[in-house]
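Student: I would like to go through this model and ask what justifies each term used for it. Could we take the terms in turn?

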Amino acid sequence: MIEIRFHGRGGQGAVVASELLAQAAFLDGKQPQSFPFFGVERRGAPVTAYTRVDERPVGLRTSITAPDAVVVFDPGLLASESVTDGLRSNGLLLVNTPRPPESLAAPPGVRRAAVDATRIALSHHLGTPMLPIVNTAVLGALARATGVVSLESLRRAVEQFVPARPEENRRAASDGYSEVRAVEGTGSATVSGPKARPPAPRLPEGPIASVSSETIHTSAWRTFTPVIHLDRCTKCNFCWKFCPDAAIEFDANGYPVLRLAYCKGCGICAAECPPKTIEMVAGA
Amino acid sequence: MTWKVLSGNYAQSYAALLARAQVVSAYPITPQTSIVEKIAEFVSSGEMDAEFVKVESEHSAMQVVISAAALGARTYTATSSQGLLLMHELLHWASGMRAPIVMGVINRAVAPPWNIGADHTDTMSQRDTGWIQLYAESNQEVLDTVLEAYRLAEHPEVRLPVMVTEDAFYLSHTVEPVDVPSRADVDRFLPPREPHAVLVPGEATRLGSFTGPDHYVGFRHQVGEAMERVSKTLAGVEEEFREVFGRSHGGALPTYRTDDAEAILVTMGTSTTTARSVVDELRSEGHHVGLAKLRLFRPFPDEEVRALARQVDRIGVVDRSYTFGRMGPAATEVSAALYTAPHRPELTSFLAGIGGRDVTPEEVRRMFETLLSAAPPRTHWEDLEEAEEMRVHG
């Protein structure tokens with residue numbers, strides 16, 4: 001049995017990817033199982049999804065704690081989530097990143113693979129520039145790096161189960177397959193089982209938390225950043241009104257100011273701004 | 001103290017006044033309405049220093065008291081039947097947030113068919129919401145139990161909401177003499193609430209927000225642990241009540257003439273009073289029968305029931321409601337409590353007084369006869385032949 005864990009953010013298609021992988025494995029004649037784990041169901045929140053592929057029906061209904069491969073959709077998650085927890089010592093870490101695989105930090109025996117799925121997705125106009133949908137490119141890379149499914153079955157699964165832009169998605173899968181780069185681990189494999197569950201913390205009596213949600217920065221998954229050209233700003237407040245994350249404030253003169261720690265780069269402010277003074281800039 | 005001739009509903013109103021409830025919110029429903037009408041009068045006359053929040057539904061009324069409790073206020077609400085069912089979702093919120101709300105519930109039948117008579121289906125349907133449930137038998141017990149309920153709800157060992165119930169019309173609209181305690185005595189027994197885990201305006205605090213599977217189970221377990229401590233805490237609260245007011249109501253499962261009893265009936269609410277008189281009659285005729293009043297239904301007094309079972313071979317449980325596909329809900333609970341008892345008596349579930357039927361002395365007498373017969377049934381419906389007959393001929 002091969003166990004794969006996907007780490008993404010709500011809206012990036014990690015859950016769909018885990019299902020597509022299962023569909024492709026089934027087309028290969030395997031017995032797959034796939035399921036998501038959601039924390040908070042909203043765009044931008046970290047999500048985990050799981051796929052198991054076996055020759056026989058899968059006899060487990062639990063999350064995957066010792067994966068053979070970990071797939072990371074958003075390099076920002078490498079800093080905030082313990083994505084390699086429990087990853088098998090000879091396993092694979094695949095990350096969507098423009099950086100080379102040598103730059104990825106992983107336990108010694110773990111193979112590292114990198115694919116610039118965001119660029120591939122954008123080149124095929126998948127999703128929006130603000131939120132590129134990278135799952136098919138990542139799956140192509142995963143098929144190559146692990147051999148868990150054939151590229152042909154993956155392309156057939158995309159054709160059957162991806163409702164939007166099936167042709168572009170097929171090409172993205174092929175591009176991911178051909179562009180992924182993998183390197184061996186930095187040392188010999190060391191045997192380490194799944195990480196022990198941390199002891200339960202002492203809970204307050206009653207579900208009370210005194211941490212302000214302001215301390216939770218929600219900007220880590222931003223790919224494009226709004227830049228406001230104040231010379232053309234009419235102080236109409238539309239950006240402030242439409243921002244779903246309260247990430248826009250005003251300065252003493254009534255001009256909008258970004259609270260970038262909370263900006264997810266959704267681009268709604270740029271779309272709604274009547275004089276089009278807001279530009280979405282990659283990276284930034 | 002002052003003797004007043006009060007309805008069960010006004011006993012609730014006076015208790016809320018004496019407890020110095022600070023926020024009251026309720027939506028009218030028969031037969032509860034007069035409770036909050038009276039409280040509205042207390043508030044408008046200035047006799048009671050409380051916010052009375054008018055709302056458009058019971059669901060909103062419960063939300064108001066949850067929010068007020070989350071800010072540290074002492075709160076009161078009341079409802080009945082369909083109104084209680086509408087609150088169901090928020091009843092879970094109240095207990096999960098450990099909100100020490102006290103609510104009067106007038107036990108009334110649930111529709112359809114439409115019926116406003118006494119019946120326990122409404123509160124039995126809320127068994128699993130994490131609320132403490134206390135059932136009262138007299139208007140005095142209603143008033144006293146509401147005062148005790150605040151001590152219980154706010155007790156550091158408990159911190160859970162409490163419903164104090166009374167049978168529709170048999171108490172809600174029945175007037176009888178009630179010893180209304182003085183404000184000074186009540187203040188001595190029930191000091192102001194000491195807020196715990198509450199929101200403070202201006203400080204960033206979250207109550208009941210998202211919790212993943214890792215911690216959620218711990219919070220559920222906490223509610224269970226608090227429930228485990230209720231029976232003992234109630235005994236302590238009753239002891240203090242007796243010291244201040246010179247009376248108390250016997251804790252979770254007060255018993256009556258159970259010594260050397262061959263059969264015991266377990267009753268709830270007003271059927272207890274009638275059954276007590278029947279026990280006296282039967283005892284005077286030489287029959288060895290006794291009575292136990294199930295006053296605390298949630299948490300269920302397992303230990304007390306097992307102690308009762310040690311001394312008797314036949315137990316009958318009188319339920320004023322029916323769990324479809326099972327038996328009477330109290331009978332189900334007694335049965336579960338007896339599973340681990342060293343001595344397990346025969347158990348009969350009597351379904352009586354459903355939808356406002358009288359539970360008459362004759363009927364109680366027949367229940368004891370059934371219990372003492374050669375082979376008592378598992379479940380026995382009272383009133384049914386007559387109801388069937390009415391359906392055929394009516």
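Tutor: What follows goes from one chain as a whole to its main sheet, and then to the interface. Keep in mind throughout that this is a predicted model.

Student: What makes chain B as compact as a globular protein of its length?

Tutor: Chain B holds 14 helices and 16 strands. Its radius of gyration is 21 Å, and the globule rule, 2.2 Å times the number of residues to the power 0.38, gives 21 Å for 394 residues. The value is close to the rule, so chain B counts as compact as a globular protein of that length. Along the principal axes, its C-alpha trace spans about 70 × 50 × 45 Å.

Student: How many of the residues of chain B count as buried, and by what cut-off?

Tutor: A residue is buried if 20 or more other C-beta atoms lie within 10 Å of its own. Of the 394 residues in chain B, 50% count as buried. As for contacts with a separation of 6 or more, 80% of those in chain B are between residues 24 or more positions apart.

Student: Why are β3 and β13 of chain B called edge strands?

Tutor: The open sheet has seven strands in the order β3-β2-β4-β5-β7-β6-β13 (chain B). Both β3 (51–54) and β13 (296–298) of chain B pair on one side only, and they are the edge strands. Neighbouring strands here are turned against each other by 20° on average, direction ignored.

Student: What makes β4 and β5 of chain B a pair, and in which direction do they run?

Tutor: Two strands pair if DSSP finds at least two bridges between them. Five bridges join β4 (residues 75–80) to β5 (residues 102–107) of chain B, so the condition is met, and the two run parallel. One of the partnerships is A78(B) with G104(B) in β5(B). The pairing of the sheet as a whole is mixed.

Student: How do you know that strand β8 of chain A pairs with β9(B)?

Tutor: The cut-off is at least two bridges. Two bridges join β8 (residues 208–209) of chain A to β9(B), so they pair, and they run antiparallel. I208(A) has L207(B) as its bridge partner in β9(B).

Student: What makes up the side of chain B that touches chain A?

Tutor: In all, 18 residues of chain B are in contact with 13 residues of chain A. β9 (206–207) and α8 (213–228) of chain B each supply at least two residues of that side. The largest share, four residues, comes from α8(B). By class, the side of chain B that touches chain A divides into six nonpolar, nine polar and three charged residues.

Methods:
Residues numbered from 1 in each chain as written. Chains lettered and ligands numbered in written order. Predicted model: local features only at pLDDT ≥ 70, side-chain atom pairs only at ≥ 80, totals over all residues. Contact = placed C-beta atoms within 7 Å. Nonpolar A, V, L, I, M, F, W, Y, C, P; charged D, E, K, R; others polar. Buried ≥ 20, exposed ≤ 12 C-beta atoms within 10 Å, placed from the backbone. Axes fitted to C-alpha atoms, helices over the stretch in contact; angles between N-to-C directions.
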